[in-house]
Amino acid sequence: MNKELKRVSAIVLIMFLALLASSTVIAVFQTDNLRVDSRNTRTLYASYSAERGPILVDGGAVAESTPVDDEYKFLRTYSNPDLYSAVTGYFTLNQGNSGVEGALNDYLSGTANAQFIDQLNSTITGQNPKGASVELTIDPVAQQAAWDALGDNAGSVVAVDPKTGAIIAMVSKPAFDPNLLAVHDTTTVIDNYNTLLNDPGRPLLNRAIAGDLYAPGSVFKLVTAAAAIDSGQFSPESQFPNPPTLQLPQSSNTISNAADGNCGGAETVDLATALRLSCNIPFAQLGATLGEDTLSQYAEDFGFDQPLAVPQDVTPSVFPATESEAELMLASFGQASVRVTPLQVAMVSAAIANGGRLMEPTLVESIRAPNLTVIQPPQEVVLNTPISEATATTLTQLMVANVNNGAASNARISGVDVAGKTGTAENDGAENTLWFTGFAPAEDPKIAVAVVVENGQGFGNSVAAPIARKVIEAVLSK
Amino acid sequence: MSATNQGPGATVSESGQRNTNTITDTIRIRLREPARLRNLELLLLVFAIIINAAAILLVQLGALGEVRKEVFTYSAALAVLALAMHVTLRIAASQADPFILPIATVLNGIGIAMIYRLDLAGGREGWAASGIRQMAWTAIAMLAAFIVLVVIRNHRVLQRYRYIAMFVGIALLLLPLVPGLGREINGSQVWIGIGPQRADGSVPLSFQPGELAKIALAVFFAGYLVTARDSLSLVGKKFLGMRLPRVRDLGPILIIWVAAMGVLVLQRDLGTSLLYFGLFLVMIYVATGRISWVILGMTLFIGGAVAASQLLGYVNSRFNGWLDAFDNAIYEQIGGSYQLVQGLFGIADGGLVGTGLGQGSPDMVPFAESDFIIASLGEELGLAGLFALLCLFLLFVSRGFRIGFAGQDDFGRLLGTGLAFVIALQVFIVIGGITRVIPLTGLTTPFMAAGGSSLVANWIIAALLLRLSDTVRNQPRLVVDA
């Protein structure tokens, strides 16, 4: 009987060894696979139960996790929800994230690779895991000024520091309240989300970087002028024929200069005057002479058609291939199929303001671990140098004249040289897309700005320029 | 060959024992210092009580962040019951194995801590709380164990009642099929309910008689095999190197096979069916030493199970849920692998050291306090905790097997082996099902899972093992010593 008992004992031992092995396989070797399974709600709970890091503006939290008494432990709250919605985006339990909340989710939730050791530490020491805090480049004064100045208009204001690329203001209107989507009741979140989604004002769009692209109108003349001067083919004094109307080649359509129309009234007009008065006909001729290759190359150097993340993805602005000379002529002053984001327009101004060096725009000043060690320090990256310093100086002079004595007169600030350019893109209907872009002070730029007002009445100079002026004033008078 | 020696030798040793009883006993009492065993037990029991209290305290700190009065009521109740058992053993079975009671106590206590932890997660209080009911059942189960120890002073009386045990076992198995008494819970007809049925289908008192049946059947198998083993083991034709049993000796194995299949088909309970049949096979193997019985039995059972998996929808879905647990169609299907996969997520989340008691989310798994308590414990105590629990179970089983090795009478040896093996097999079926070694079946983890019938049955097993181990040490080892 003992022999049989020994065998049975061995079988029992094998049975238990099988259990030890199977539980080891699950708890050690399959852990990663099981954790990432989409049906594993524990992973979901864990990511919300960790104290998500705050998003800071000038040291103050615009988004932070506050303790609540439910299974998720923390509720994401936004202290100034509408004002910063274009920057923070929203954070939901299981309906996705957007903005900085989405783009830096790994850091905020503490799951980024850079935080691995910290997470391990807190596991061992039994502390609750925490996410990193993200300090933004946003200047609360500039942001508030942009928000107030845009008023009830649908549109966007983007302001950058041309020397660093730091985005100091980013406003998109209509805005939304991300608190509505942070609630812990999924049904409510979906209801609120659908309400926002079906809102005709489309508040969930971030018009500054990722809305529908806009026709740039005359602000694109900055790119055309930059190409003309930087390529060495033209100077501000280069003369162009100045007819009141111009028939487009192989077309019955004619173009004319906006508003007063005669562009100085002389038989010819120089490039400086054409930019100062924002005349379409000389720029159409200029673009046709430069050719599509040159023009699209400069557009690309300024950032057109290039992917960019600030850290949320920016929709690339486009300068598509033209199919005829007529189309190229229209594109040269920002019509036809040229489409831009306000950030791209601000980048053109910023490159000119910074002596031709285009800094990579970013919203992130720094990322800090919960123990305040810096995970990502401030970064200044030269994205490209689309034009020479000499070209930049020349273009600055032309843009200052444009404000002091030309089409962008409403951006004038006494005692400060403001460089600027307006735009009024014609849409199919009666309403126009109104633009202003520029920087100040011209001799030592602190801010480059782009303003767009959707479907506005009037001109860039009458609507967009005063908005930009208020933002510039707010920053310069700090 | 020792097995055959002891059969005819039994009468000799019994009469010899009567002659030398008084002298040997006095010598042994001096030599063995019986208090030593009980003192060791007391020491281990104090450890067990401390572990149990610490577990409940950690549950409160982890889940609530504060200490409540339950930490005292639960711990004190468990301690009083365990110490009462200890005192009983000092009086009624002073030579009993010192490990069995502490192991059963700590397993029971950790089970209660986890059930209490799930009560906190579910917001259940008073009699609605499974923890309170488990505590009450623990008291009833320990009382049953106490009665077994006091009433059964000599386990050999059980041998006389082997056929009664068979009828009781079969009756208990069939009880859930009696109309008006049986209750179908979670698809299995293995429960009986007593008292008026409530609106939600539950009854004041429900019981799984099959849990008790395993004891009755172990008693029957041991008694029957001790008398019948000669004809089972020595007679029969040799074929392919194996001695096949005679056709007329096939009767019992066929009856048990039919009973196991009956449980499988009529009560839709694969786990219980496997448990009884496995118990029978091991006991017949240990008694006869003939591997042909095991091969024959396994062929019959696997054949039956495969046929059932083809014919019965629920067995088939158990197999699919085992093999393709992560297939989304099977995961979503009713009776599919949702529970299994959620349990795996829990264990994986626990990792090596677990989330800590009260700090995981074991309540996401259906039946986290009963069928899946091991997944809950794996999540919060981690792989380390599971290993510790498995080692405790293994130690418990090995104490039972020790009776098999060291006992003098074959009935006691077989019974001890059978009772220990039934615990081992049940642990294997439950944890193996949860960790995907075998298909998932609805059995309870001994001593731990919420459920009164299981607790009562396992504490009675513990009491019988205590009684058997006491007899082993008390008996003069005439045969062996000589």
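These entries record what I looked up in a predicted model of two chains, A and B.

**Entry 1. Conventions**

I note that residues are numbered from 1 along each chain as its sequence is written, and that chains are lettered from A and ligands numbered from 1 in the order in which they are written. Since the model is predicted, local features need pLDDT of at least 70 and side-chain atom pairs count only at pLDDT 80 or more, while totals for chains, interfaces and linings use all residues.

**Entry 2. Chain B overall**

I looked up the elements of chain B and found 18 helices and five strands. Helices (H or I, at least four residues) and strands (E, at least two) are DSSP runs, numbered from the N terminus. Of the 482 residues of chain B, 53% are buried; a residue is buried if 20 or more other C-beta atoms, placed from the backbone, lie within 10 Å of its own, exposed if 12 or fewer, and partly exposed in between. I then took the contacts in chain B between residues at least 6 apart in sequence, and 70% of them join residues at least 24 apart. Two residues are in contact if their C-beta atoms, placed from the backbone, lie within 7 Å.

**Entry 3. Where chain B touches chain A**

I find 39 residues of chain B in contact with 29 residues of chain A. On the side of chain B, α1 (2-32), α10 (270-288), α14, α15 (373-406) and α16 (410-434) each give two or more residues. The largest share, eleven residues, comes from α15(B). By class, this side has 25 nonpolar, eleven polar and three charged residues. Ala, Val, Leu, Ile, Met, Phe, Trp, Tyr, Cys and Pro count as nonpolar, Asp, Glu, Lys and Arg as charged, and the others, Gly among them, as polar.

**Entry 4. One helix pair across the chains**

I examined α1 (residues 2-29) of chain A against α14 (residues 338-350) of chain B: their axes come within 7 Å and cross at roughly 70°. Axes are lines fitted to C-alpha atoms, for helices over the stretch in contact, and angles run from 0 to 180 degrees between N-to-C directions. The two helices are therefore roughly perpendicular, the term for 65 to 115 degrees. Ser23(A), Ile26(A) and Ala27(A) meet Leu344(B), Ile347(B), Ala348(B) and Gly350(B). Five of these contact residues are nonpolar, two are polar and none is charged.

**Entry 5. Helix α16 of chain B**

I find that 25 of the 25 residues of α16(B) are buried. From first C-alpha to last, α16(B) reaches 36 Å, close to the 36 Å expected at 1.5 Å a residue, that is, 1.5 Å times one less than its number of residues. Arg436(B), which follows α16(B), has a positive phi, near 65°.

**Entry 6. A sheet in chain A**

I traced an open sheet of five strands in the order β6-β5-β19-β18-β17 (chain A), with antiparallel pairing; two strands pair if DSSP finds at least two bridges between them. β6 and β17 (419-426) each have a single partner strand, so one side of each is left without a neighbour in the sheet.

At one edge, six bridges join β5 (residues 155-160) to β6(A), and Ala159(A) has Ala169(A) as its bridge partner. β5(A) and β6(A) form a hairpin with six residues between them, and Gly165(A) in the turn has a positive phi of about 85°. Seven of the seven residues of β6(A) (residues 167-173) are buried.

At the other edge, β17(A) pairs with β18 (residues 432-440) of chain A over eight bridges, with Ala419(A) partnered by Phe439(A). Helix α17 (residues 389-405) of chain A lies across β17 and β18, running at about 70° to β17(A).

Terms used. Parallel < 35°, antiparallel > 145°, perpendicular 65-115°, else oblique.
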